[in-house]
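Hi,

Here is the structure I promised to pass on to you. Have a look at it first, and then read my notes below with the model open beside them.

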Amino acid sequence: GSGSTGTCTAPECTDFSAAGISFGPFENQGGGTVEIANDPKDATNKAVKFVKKPGDGEYFGTTITGLGGSVVLTATEKTVTMRVYSPTVGTNFLLKFEGGTGGPATTEKDAATTTAGRWETLTFVMPDAGTFTTVVLFPNGRSTVAADKTMYVDELKFPAFNTGSAPLDVRGLHPADILRLDVSVPAGPLDPKTRLGLLGGELAD
């Protein structure tokens, strides 16, 4: 089968094909790589290809940025799924979210493959609720490899995803700084000295 199930719909699911998505590999001192490549089982599909090499760290992985918003986990909706392909049974994938608000700064969960040389869906029941801005993925996480190991991921699906941005609260900023900003005014009363009634480049009193 393919890494694609045909059910991945943005923004709650990403197949990593959207413009602006980028990867930031780390602990790849052995030469490990991360790239978009052909699905090993479906030449019409693209997936994220990881090659972990001897010499790479136990926590070789990548940040995934440019998803266009934040992952939202609640007390009752914390399950994340991801399509994975590994050459071996028992390959551990560690999924971590960072930049959290409304809860801990980070949250993480492990899940291991149960099949070899074919796609499967791993389920991560995250331990914490919150809103997170950065996704981090560690294929074959928490251990090194003795030989090159090639793995793929596709269709990372979240319970909810917020594509909006929080308004910038301008209360307390100096008027000169406010004039330089393209801002959204938060709900609620503003101090008269920071009211954004701009008349001729001046703040209205």
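**What I found**

In the protein chain, 73% of the contacts with a separation of 6 or more are between residues 24 or more positions apart. Please keep in mind as you read that this is a predicted model.

**The overall picture**

The protein chain is made up of one helix and 16 strands. It has 205 residues, and 37% of them count as buried.

**A sheet to trace**

Try finding the open sheet of five strands, which follow the order β2-β5-β12-β8-β9 with antiparallel pairing. Strands β2 (22–26) and β9 are at the edges with a single partner strand each, so one side of each has no neighbour in the sheet. From one strand to the next, the twist averages 20°. As background, the strands of a sheet pair through backbone hydrogen bonds, and the pairing can be parallel or antiparallel.

For a closer look, go to strand β5 (residues 61–65), which runs antiparallel to β12 and is joined to it by three bridges. In this region you can see I64 standing opposite V135 in β12.

**The nonpolar core**

Next, colour the nonpolar residues. The largest nonpolar core has 27 residues, and those touching the most other members are V80, F93, L95, F97, F124 and V153. Two or more residues each come from β4 (42–52), β6 (70–73), β7 (79–86), β8 (92–98), β10 (118–125), β12 and β13. In general, nonpolar side chains in soluble globular proteins tend to be buried together.

F124 is a good residue to click on. You will find F124 in strand β10, and its relative accessibility of 0% makes it buried. Setting aside residues up to four places away in sequence, F124 touches K78, T79, V80, M82, F93, L95, K109, D110 and A111. You can also compare F124 with L94: they are 30 residues apart in sequence, and their C-alpha atoms are 9.1 Å apart in space.

**Two buried polar residues**

Is N45 buried or exposed? N45 belongs to strand β4 and is buried, because its relative accessible area is 12% and the cut-off for buried is under 20%. The N45 side chain makes a polar contact of 2.9 Å with the side chain of D154. Apart from residues up to four places away in sequence, N45 touches S2, G3, S4, A37, N38, D39 and D154.

The other one is T107, in strand β9. T107 is buried too, with a relative accessible area of 2%. The side chains of T107 and D128 are joined by a polar contact of 2.8 Å. Beyond its neighbours within four places in sequence, T107 is in contact with L73, L95, K96, F97, M126, P127, D128 and F132.

**Salt bridges**

How many salt bridges are there? The count comes to four, and I will walk you through some of them.

One salt bridge is formed by K96 and E98, whose closest N and O atoms are 3.5 Å apart. K96 is buried at 17% relative accessible area, whereas E98 is partly exposed at 26%.

R142 forms a salt bridge with E108, and their closest N and O atoms are 3.1 Å apart. R142 sits in the loop between β12 (134–139) and β13 (149–157), while E108 is in strand β9 (residues 107–112), so this pair ties together parts that are 34 residues apart in sequence. Both residues are partly exposed: the relative accessible area is 34% for R142 and 32% for E108.

R142 also forms a salt bridge with D110, where the closest N and O atoms are 2.9 Å apart. D110 lies in strand β9 and R142 in the loop between β12 and β13, so here the pair ties together parts that are 32 residues apart in sequence. D110 is partly exposed, with 29% relative accessibility. Put together, E108, D110 and R142 are linked in a network of salt bridges.

Enjoy exploring!

Best wishes

Definitions and conventions. Residues numbered from 1 in each chain as written. Predicted model: local features only at pLDDT ≥ 70, side-chain atom pairs only at ≥ 80, totals over all residues. Heavy atoms only, no water. Salt bridge = Lys/Arg side-chain N within 4 Å of Asp/Glu carboxyl O. Buried < 20%, exposed > 50% of the residue type's maximum accessible area, 1.4 Å probe, protein only. Helix = DSSP H or I, 4+ residues; strand = E, 2+ residues; numbered from the N terminus. Core = buried A, V, L, I, M, F, W, Y, C linked by side-chain atoms within 4.5 Å. Pairing = 2+ DSSP bridges. Axes fitted to C-alpha atoms, helices over the stretch in contact; angles between N-to-C directions. Polar contact = N/O pair within 3.5 Å; in protein donor to acceptor, adjacent residues only side chain to side chain. Contact = heavy atoms within 4.5 Å.
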